[in-house]
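Good morning, and thank you for the time. Please look at the sequence and the structure as they come up, and keep them in view while I speak.

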Amino acid sequence: MHVLIVGAGVAGCHAAADLAVDHEVTVIDRSGVAAEATGVSAGLVAPTNYYDDEPAIARHANRFFRDFDGTHEFTFTPRDRLDVLTDAEVADGRATADALAAADFDVEFLEASTLRDRFPGIRADGFAGAVRYGDTGWVDPYTYANALRQTAQERGAAFELDREVTGIRTDGTVRGVDTATGPIDADAVVVAAGWRTGDLLPTGLSVPIRPYRTQCVVVEPDAPLDDTFPTGRIGSEHLYFRPEHNGDLLIGGAHDTIADPRAASADADESFMLEVAEFLPTFFAGAEKAGFVNGWAGVDTASPDTRPIIDSPVGAPDSLIVATGFNGLGVMTSPVVGPTVRHRLTGAEAPFPTDPFDADRFEDVGADFEYISTSEV
Ligand SMILES: Cc1cc2nc3c(=O)[nH]c(=O)nc-3n(C[C@H](O)[C@H](O)[C@H](O)COP(=O)(O)OP(=O)(O)OC[C@H]3O[C@@H](n4cnc5c(N)ncnc54)[C@H](O)[C@@H]3O)c2cc1C
C-alpha cells in the first residue's frame with residue numbers, strides 16, 4: 001500500500017516513521033520539515049498532565065520519548081513539572097495527584113510551603129500548591145521532527161518538500177492527490193496539514209477544527225537557571241514555562257482564536273511581553289531584573305474538546321485519514337499518531353485506546369465551536 005502523507009510537522013513525520021516499516025510512504029510538504037506550528041513549539045512534554053483519564057496513552061507517549069532519546073540528534077530532557085494551583089483548584093489537583101499516584105505514576109501534591117522549599121526558584125506568590133509530575137520534560141521540536149524524518153527515510157520513506165498539495169483525488173476510494181506540479185497516485189492519504197487540513201478535504205467532508213494563535217517569550221533571569229529548575233503550567237494565568245539549556249527561561253501563553261491565520265503576526269505582541277514582565281517577579285525568585293531575549297508567535301489548530309482528530313472524517317473512505325487538532329499539545333501527543341493511523345488503515349491494535357481520537361465523537365463538524373484553551377484542562 002502506498003501511503004501519501006500531507007504535511008511534515010510532527011504529526012506527519014511521526015506517521016511516516018511508523019508506517020514506513022511496512023508501507024511505501026511519501027511525505028509532501030508545501031515548505032519544509034517543521035515549517036509551521038512544530039518549528040515554533042516550546043517542546044514541553046507532559047502527557048500524564050493532559051491524559052490523566054487515559055493512562056495507557058500517557059504511558060505510551062512517556063515511553064516513546066525515552067526510547068527515542070539518542071536517535072540521530074534527538075534528546076529528551078527529563079524535568080519535573082509543576083501544575084501550579086489557586087485555592088479554588090487545590091481540591092481537584094489533590095484528587096488528580098492521588099489518583100495518578102495510586103495508578104503508579106510519579107505524581108504528588110505539594111502544599112505551597114513544600115513547593116517553595118523543594119523549588120527555591122519558584123515564589124508562586126498567592127498560589128496554594130502544585131501537582132508535581134516526575135515523568136515530564138522537554139524536547140527541541142525542530143530536532144525531534146527531523147529525527148523522525150531521518151528515521152522514516154532510513155525505513156524507505158520519500159520526502160518531497162516545497163510541493164503544495166491542492167486537493168485529494170477520490171472516486172469513492174482514494175486515488176492520490178493533486179499538486180501544483182501534477183498528480184501523485186496513492187492507495188491512502190493522511191492529511192496532517194495543521195489548520196489547513198479542512199481546506200484540502202473533498203467537497204462535503206469536514207472536521208471541526210479552527211486556527212488559534214499563541215505566543216512565547218524568552219527572558220534572561222538575574223542568574224542562569226540550574227538543571228533542577230522545573231517546567232510548569234499556571235493554568236489560572238494561561239501561562240507555562242520551562243528552562244532553556246543555557247539557563248534562560250521560556251514563558252508561553254496568550255491563546256487567541258483568529259479569523260485569518262495567513263495574516264497572523266509571527267512576533268510576540270507587546271501586550272503579552274508586558275503581561276509576562278509584570279508576572280515574572282511575583283512568581284519566580286531571581287527574576288527582578290530579567291531581560292527580554294526574544295519572542296515569537298505561531299498558529300496551531302484547535303478541536304472542540306482539545307484532543308486531536310486522527311481518523312477518517314465522517315463520510316470519508318477508510319483510506320482517507322486526518323491527523324489534526326493538536327491544541328498546543330502536538331509535540332507531546334505525537335507518539336499516538338503513527339499507531340492510531342496504522343490502526344485506522346490496517347485494523348492493527350494500537351497499544352492504547354484510540355477512541356479519544358475518533359472523528360465521530362463530535363456531532364457537529366463545523367468550525368464555530370467555543371475554543372477551550374488547554375490551560376483549562
Ligand atoms: C508557540 C507554540 C508553542 C507550542 N508549545 C508546545 C509545547 O510546549 N508542547 C507541545 O506538545 N506542543 C506545543 N505546541 C503545539 C505543537 O507545536 C503543535 O500542536 C504541533 O506542532 C502540530 O503539528 P502538526 O504536524 O499537526 O502541524 P504543523 O507543524 O503545523 O505541520 C503542518 C504541515 O503541513 C504543511 N502543509 C499545510 N498545507 C499543506 C499543503 N496544502 N500541501 C503540503 N503541505 C502542507 C505545512 O507546511 C506544515 O509543515 C505549540 C505550538 C505553538 C504555536
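I shall speak about one arginine, then two residues with an uncommon topic in common, their backbone angle, and lastly a sheet. Please bear in mind that this is a predicted model.

Let us begin with R233. This residue belongs to strand β15, which covers residues 231–234. Is R233 buried or exposed? Its relative accessibility is 6%. Since buried means under 20% relative accessible area, R233 counts as buried because its 6% falls under that limit.

What does the side chain of R233 reach? One polar atom of that side chain lies 2.7 Å from the backbone oxygen of T374. The side chain of R233 also reaches the backbone oxygen of V377, at 2.8 Å. Both T374 and V377 appear again among the residues that R233 touches, when residues up to four places away in sequence are not counted. That list further includes N49 and Y50, the run R81, L82, D83 and V84, then L239, Y240 and F241, and also S375.

I turn now to the backbone. For A34, phi is positive, at about 60°, although A34 is not a glycine. Where is A34 placed? A34 sits in the loop between β2, residues 24–28, and β3, residues 44–45. With a relative accessible area of 6%, A34 is buried.

H238 is another residue to consider here. Its phi is near 55°, a positive value, and H238 is likewise a residue other than glycine. H238 is found in the loop between β15 and β16, the latter being residues 239–243. Buried or partly exposed: which word applies to H238? At 28% relative accessibility, H238 counts as partly exposed, because the partly exposed class lies between the 20% limit for buried and the 50% limit for exposed.

My last topic is a sheet. Three strands form an open sheet in the order β10-β11-β12, and their pairing is antiparallel. Which strands are at the edges? They are β10, residues 165–170, and β12, residues 182–185, each of which pairs on one side only. From one strand to the next, the twist averages 25°.

Within this sheet, please find β11, residues 174–179. Strand β11 pairs with β12 in the antiparallel sense, over four bridges. To locate one residue pair on the screen, take G176, whose bridge partner in β12 is D185.

That concludes my presentation; thank you for your attention.

Notes
Residues numbered from 1 in each chain as written. Predicted model: local features only at pLDDT ≥ 70, side-chain atom pairs only at ≥ 80, totals over all residues. Heavy atoms only, no water. Helix = DSSP H or I, 4+ residues; strand = E, 2+ residues; numbered from the N terminus. Buried < 20%, exposed > 50% of the residue type's maximum accessible area, 1.4 Å probe, protein only. Polar contact = N/O pair within 3.5 Å; in protein donor to acceptor, adjacent residues only side chain to side chain. Contact = heavy atoms within 4.5 Å. Pairing = 2+ DSSP bridges. Axes fitted to C-alpha atoms, helices over the stretch in contact; angles between N-to-C directions.
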